[in-house]
Amino acid sequence: MALDELGLDSWFDNHVRELCGPEQSIARVVAIDRGRYLVHDGNNELSAELLGKFFYAAESAARFPCVGDWVCLEHHDSEQFASIHTVLPRKTLLKRKTVGYDEEFQMLASNIDVAFIVMSCHYDFHVSKLERFLVMIHEAHIEPVLLFTKSDLITPEALQLLIDDIRAAGIDIKILALSNITGEGVEQVRRLIEPRKTYCMLGSSGVGKSSLMNRLIGSDIFETQTVSTSGQGRHTTVRRHLILLDHGGMLIDMPGMRELAVAEVSEGIEGSFADILELAATCRFSDCSHNNEPDCAIQAALADGKLNADHYRNYLKIQKESRHHKKQTAFVAKRKKPKNASRIAPSKTSQRKQKKNICVDEHKES
Ligand SMILES: Nc1nc2c(ncn2[C@@H]2O[C@H](COP(=O)(O)OP(=O)(O)OP(=O)(O)O)[C@@H](O)[C@H]2O)c(=O)[nH]1
Ligand SMILES: [Mg+2]
Ligand SMILES: [Zn+2]
């Protein structure tokens, strides 16, 4: 199989020429397991480790490889083992704020073309939750598609009401409903998936991401929750895994996420709340706080129902979080190690700690 079937295109080719040596080969990271990287080189999956240099001067989590990355490999005597020498620049990077680590974010997956937001239409659906996913996806310049699972558990009328709510919030993304139990709608999802493109499954635990992966592959490769509960998840999937579909196209299964705290997002907000930003631009005062200034377009739109109150409330909340994250990041950056610290070799324990936090912190997506 040629590497272009895994998504390598001329954009990456240029970087390969620049960054990879003649003795090195190119591969894509398909999974990360306890600090070991499973990569696909177009023919085989092989195990690779990081060269020590990654642990020096690793100022940011983003320097480490994540699932979906293209890397240059150095081969050892055995064909089965290799070291990751370089991570190629990313076209897109899906990330979120790390719980408990204010200064850092967690990389979810890279070089994604389309993100499937998977939500159950039967349980716990909120437009505000969808909006959080959208902010994150827009920030990464990825195309979002909403997949409503468990359509077998509600009536078409009830499903339509949910879709009406979404449209009322000004969200015009593609929406598909499906059932992993009856198979209804799965074919439509399959038809969306184009060869050479990479898709990922984002959503809470228990919504049916792995079940859908299995449906699309046509076999039960991924572990799913054995008993269907009310829809609340128990985190069956613990790490991300990229797989190739028979007809081309790649899919990444991901662990469920309970809460989605946003990191600093600006373009994500612009993408998801464009209607609010447009309105705000027409307030009388350019620094209008939209509280009680005269001729406030936001207050006027809220009063006459043109602007959905929940949609606006969620915008304020996400904006506040983003600002908070920005402040905190600046604060932590100031406190950080002395200038030449990056040249000091980290101790074994701090290496382990870094590895733990950045590469394999797959279990707790909450
Ligand atoms: N009724 C119904 N049940 C479903 C559907 N899809 C999945 N389920 C059930 O929901 C439960 C959770 O499905 P999973 O595929 O494991 O969910 P997941 O999103 O991968 O969960 P995590 O790996 O924990 O993030 C399982 O018991 C499935 O059988 C569906 O379309 N309809
Ligand atoms: Mg799963
Ligand atoms: Zn205003």
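Helices are DSSP runs of H or I of at least four residues, numbered from the N terminus. In this predicted model, cysteine 296 is placed in the loop between α7 and α8. Cysteine 283 lies in that loop as well, with α7 spanning residues 274-280 and α8 spanning residues 297-303.

Both cysteines take part in binding a zinc ion. The protein donors of the zinc ion (ligand 3) are the SG atoms of Cys283, Cys288 and Cys296, together with ND1 of His290. These donors lie 2.1 to 2.4 Å from the ion. Along the chain, the donors are spaced as C-x4-C-x1-H-x5-C. The four donor atoms subtend angles of 102 to 117° around the zinc ion (ligand 3), and the arrangement is therefore tetrahedral. For four tetrahedral donors, the ideal angle at a metal is 109.5 degrees. In the unreviewed UniProt entry, the annotation "binding site" covers Cys283, Cys288, His290 and Cys296.

The surroundings of the cysteine donors were also examined. Cysteine 283 has a relative accessible area of 8% and is therefore buried; cysteine 288 is buried too. Cysteine 296 is likewise buried, because its relative accessible area is 7%, and the cut-off for a buried residue is under 20%.

Contacts were considered without neighbours within four places in sequence. On this basis, cysteine 296 is in contact with Cys283, Cys288 and His290. Cysteine 283 is in contact with Cys288, His290 and Cys296, and also with Asp295, Ala297 and Ile298.

Notes
Residues are numbered from 1 along each chain as its sequence is written. Chains are lettered from A and ligands numbered from 1 in the order in which they are written. This is a predicted model: local features need pLDDT of at least 70, side-chain atom pairs count only at pLDDT 80 or more; totals for chains, interfaces and linings use all residues. Side-chain values use heavy atoms; hydrogens and water are left out. Donors are N, O and S atoms within 2.8 Å of the metal (3.2 Å for Na, K and Ca); water is not among the atoms, so sites may look incomplete. Four donors count as tetrahedral if all angles lie between 85 and 135 degrees; four count as square planar and six as octahedral if opposite donors are over 155 degrees apart and all others between 65 and 115; anything else is irregular. Buried means under 20% relative accessible area, exposed over 50%, partly exposed in between (1.4 Å probe, protein chains only). UniProt positions are given in the numbering used here, feature names are shortened, and annotations may be inferred rather than shown by experiment. Helices (H or I, at least four residues) and strands (E, at least two) are DSSP runs, numbered from the N terminus. Contact means heavy atoms within 4.5 Å.
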